[in-house]
Amino acid sequence: IALDPGLGFGKRPEHNLELMRALPELRSLGFPLCLGASRKSFLGHLSGETRPEQRGPESVAAVALSAHLGAELHRVHDVAGARAALALARALSPAERA
């Protein structure tokens with residue numbers, strides 16, 4: 001069982017951001033978190049990019065930040081970009097420094 005807060009799906013941009021900020025709280029429930037922020041419209045709302053296929057940088061940033069906040073599973077379009085973002089998130093993780 002994994003929890004997915006369901007980014008997008010009729011939510012306003014501020015709701016999606018609130019859900020992302022709440023990832024540590026959701027993670028405290030004891031289940032892995034799955035997140036699918038890739039190319040979502042709320043990312044375009046923040047950056048001004050209207051074309052989903054051009055939201056790669058925003059998507060990669062969302063992967064890194066959501067991993068840092070506790071997400072363990074990521075639904076993405078750009079696997080190579082996500083892997084690079086996750087490598088950085090892992091390197092900056094307090095658990096990795098120990």
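In the predicted model examined here, Arg27 has a relative accessibility of 29% and therefore counts as partly exposed, since this class covers the values between the limit for buried residues, under 20%, and the limit for exposed residues, over 50%. Arg27 takes part in a salt bridge with Glu72, in which the closest N and O atoms are 3.2 Å apart. This pair links distant parts of the chain, for Arg27 belongs to helix H2 whereas Glu72 lies in the loop between H4 and S2, and the two are 45 residues apart. Glu72 also counts as partly exposed, because its relative accessibility is 43%.

A search of the whole structure finds 4 salt bridges, and two further examples can be described in similar terms. Arg12 is paired with Glu14, with a separation of 2.7 Å between the closest N and O atoms, and Glu14, at 39% relative accessibility, counts as partly exposed. Glu49 forms a salt bridge with Arg51, and here the closest N and O atoms are 2.9 Å apart. The two partners of this bridge fall into separate classes of accessibility: Glu49 is buried because its relative accessible area is 18%, which is under the 20% limit, while Arg51, with a relative accessible area of 43%, is partly exposed.

The loop that holds Glu72 follows helix H4, and this helix was examined in turn. Helix H4 comprises 13 residues, from 56 to 68, and spans 18 Å from its first C-alpha to its last, a value close to the 18 Å expected at 1.5 Å a residue. Its buried residues are Glu58, Ser59, Ala62, Val63, Ala64 and Ser66. In an α-helix there are 3.6 residues a turn, so residues three or four places apart point the same way. The buried residues of H4 pack against several other elements, namely the helices H1 (13-21), H2 (23-27), H3 (41-47) and H5 (79-92), together with the strands S1 (34-35) and S2 (73-74). Helix H2, which contributes Arg27 to the salt bridge with Glu72, is thus one of the elements against which the buried residues of H4 pack. Just after H4, Gly70 adopts a positive phi of about 125°.

At the surface, Ile1, Leu29 and Phe31 together make a nonpolar patch of about 350 Å². Leu29, a member of this patch, is placed in the loop between H2 and S1, and it counts as exposed because its relative accessibility, 53%, is over the 50% limit.

How values were computed
Residues numbered from 1 in each chain as written. Predicted model: local features only at pLDDT ≥ 70, side-chain atom pairs only at ≥ 80, totals over all residues. Heavy atoms only, no water. Helix = DSSP H or I, 4+ residues; strand = E, 2+ residues; numbered from the N terminus. Expected span 1.5 Å × (residues − 1). Buried < 20%, exposed > 50% of the residue type's maximum accessible area, 1.4 Å probe, protein only. Contact = heavy atoms within 4.5 Å. Patch = residues over 30% accessible without salt bridge, like charges linked within 9 Å, V, L, I, M, F, W, Y side chains within 5 Å. Areas by Shrake-Rupley, 256 points an atom, 1.4 Å probe, with all protein chains shown as cover. Salt bridge = Lys/Arg side-chain N within 4 Å of Asp/Glu carboxyl O.
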